[in-house]
Amino acid sequence: MKKFLLAVASVVLGTASVQAADLAAHYTKAPMMAPAYNWTGFYVGGNVGGQWGSSDPSTSTVFSPTGYFAASSVPAINTVGAQGINSSSVTGGFTAGYNWQVNHAVLGLEGDINYFGFKGSATGSALYPCCAPTGFTVSSSVSADWLATIRGRIGFLAAPTWLLYATGGAAIAEVKGNFNFTDTFAGATESSAIRDTRLGWTAGVGTEYAFGGGWSLKAEYLYVDLGRASATSTNLAAFVPAIAFPSNVYTHSVDLKSNIVRVGVNYKFGGPVVARY
């Protein structure tokens, strides 16, 4: 009996040892961790699109008892001098910025400089109320060759590689205006020019998609308002030989607003990579 029990025990212990060895020999590796795109980092890029803008240049003068104009002429000049210009053009340039990703939010600072291409002119004429059929003509032209912006960006990730964002900040451009007044009563002339580097504001929305290797594509809308610049002139002259009428002070002003739609491509340098299963 004892020999039988010893034999059974040997078989049981041997089977347990084999099973333990089998268990020790088989194991499962942890799954490999795949890199997830992270938006943090410095980037540069380019963009191209179109701008649709408007400007409302203004020319006005004042009545003076010792001046050139009859009292009824001043309101007529000021009415014709309130003009409007529309402009559209291709725009494009270069972008640079830095993003910080915090979980599903992306914060950034971006700057760009672009060819702007705003250009337009307007002309209006009318008869003098006092002295028809003589009359006058007011002409205005407005242009801005370049536009730069410095903007913050705040967005959220609709997917790890798909960013939706809002943006806003400062807009800078050199706005140029030219103004001329002439008449047929006594050959009167007056002219003025504005050259002003304007600091305005811009705001908009956009979307950006990262497609690998640091590259991303974006589409963006911006509204730009550069405010209004003004200048005065006292160079009205008429008759032959010319007589100056400095008491008829002219005021000229120009504003500029634009809607910009553009697409672009960016390249991000380095930045951390977050692992995921």
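The following exchange examines a predicted model through questions and answers.

Trainee: On what basis are the features of this model reported, and how are residues numbered?
Mentor: In this predicted model, local features need pLDDT of at least 70, side-chain atom pairs count only at pLDDT 80 or more, and totals for chains, interfaces and linings use all residues. Side-chain values use heavy atoms, with hydrogens and water left out, and residues are numbered from 1 along each chain as its sequence is written.

Trainee: What is the average pLDDT of the protein?
Mentor: The term pLDDT denotes the predictor's confidence in each residue, from 0 to 100. A score of at least 70 is reached by 85% of the residues. The average for the protein is 89.

Trainee: How many contacts does the stretch 272-277, where pLDDT is below 50, have beyond near neighbours in sequence?
Mentor: A contact means heavy atoms within 4.5 Å. Residues 1-27, with pLDDT under 50, have zero contacts beyond four places in sequence. For residues 272-277, also below 50, the number of contacts beyond near neighbours in the model is 17.

Trainee: How many strands does the protein have?
Mentor: Helices (H or I, at least four residues) and strands (E, at least two) are DSSP runs, numbered from the N terminus. The protein has two helices, and its strands number 13.

Trainee: What percentage of the 277 residues is buried?
Mentor: Buried means under 20% relative accessible area, exposed over 50%, and partly exposed in between (1.4 Å probe, protein chains only). By this criterion, the buried share of the 277 residues is 41%.

Trainee: Which strand gives the largest share of the largest nonpolar core?
Mentor: A nonpolar core is a set of buried Ala, Val, Leu, Ile, Met, Phe, Trp, Tyr and Cys residues joined through side-chain atoms within 4.5 Å. Of the 20 residues in the largest one, F116, L147, L226, V254 and L256 touch the most other members. Two or more residues each come from β5, β6, β7 (162-183), β9 (215-233) and β12. The largest share, five residues, comes from β9.

Trainee: Which residues does L226 touch, not counting those up to four places away in sequence?
Mentor: L226 is one of the core residues that touch the most other members. Its partners beyond four places are A171, I172, A173, V175, R198, G200 and L256.

Trainee: Which residue of β12 belongs to the nonpolar surface patch?
Mentor: Patches are made of residues with over 30% relative accessible area and no salt bridge, like charges being joined within 9 Å and nonpolar side chains (Val, Leu, Ile, Met, Phe, Trp, Tyr) within 5 Å. Areas come from the Shrake-Rupley method with a 1.4 Å probe; for residues, only the protein chains shown count as cover. The patch covers about 830 Å², and β2 (41-55), β4 (85-102), β5 (105-127) and β6 (135-159) each supply at least two of its residues. The member in β12 (250-269), partly exposed at 44% relative accessibility, is F269.

Trainee: Why does the salt bridge between R151 and E110 tie together parts that are apart in sequence, and how many residues separate them?
Mentor: A salt bridge is a side-chain nitrogen of Lys or Arg within 4 Å of a carboxyl oxygen of Asp or Glu. The side chains of R151 and E110 meet at 2.5 Å, N to O. Because R151 lies in β6 and E110 in β5, the parts tied together are apart in sequence by 41 residues.

Trainee: Is R151 buried or exposed?
Mentor: R151 also meets E220 in a salt bridge (3.6 Å, N to O), and E220 lies in β9. E110 has a relative accessible area of 1% and E220 one of 4%. With a value of 0%, R151 is buried.

Trainee: Which residues are linked in the network of salt bridges?
Mentor: A search of the whole structure finds 13 salt bridges. The linked residues are E110, D112, R151, R153, E208, K218, E220 and R262.

Trainee: Which residue does a cis peptide bond join to V240?
Mentor: One cis peptide bond joins A132 and P133, with omega of about 15 degrees, and P133 lies in the loop between β5 and β6. Another has omega of about -5 degrees, in the loop between β10 (237-238) and β11 (243-244). The residue joined to V240 is P241.

Trainee: What is the phi of N103?
Mentor: N103 lies in the loop between β4 and β5 and counts as exposed at 67% relative accessibility. Although N103 is not a glycine, its phi is positive, at about 55 degrees.
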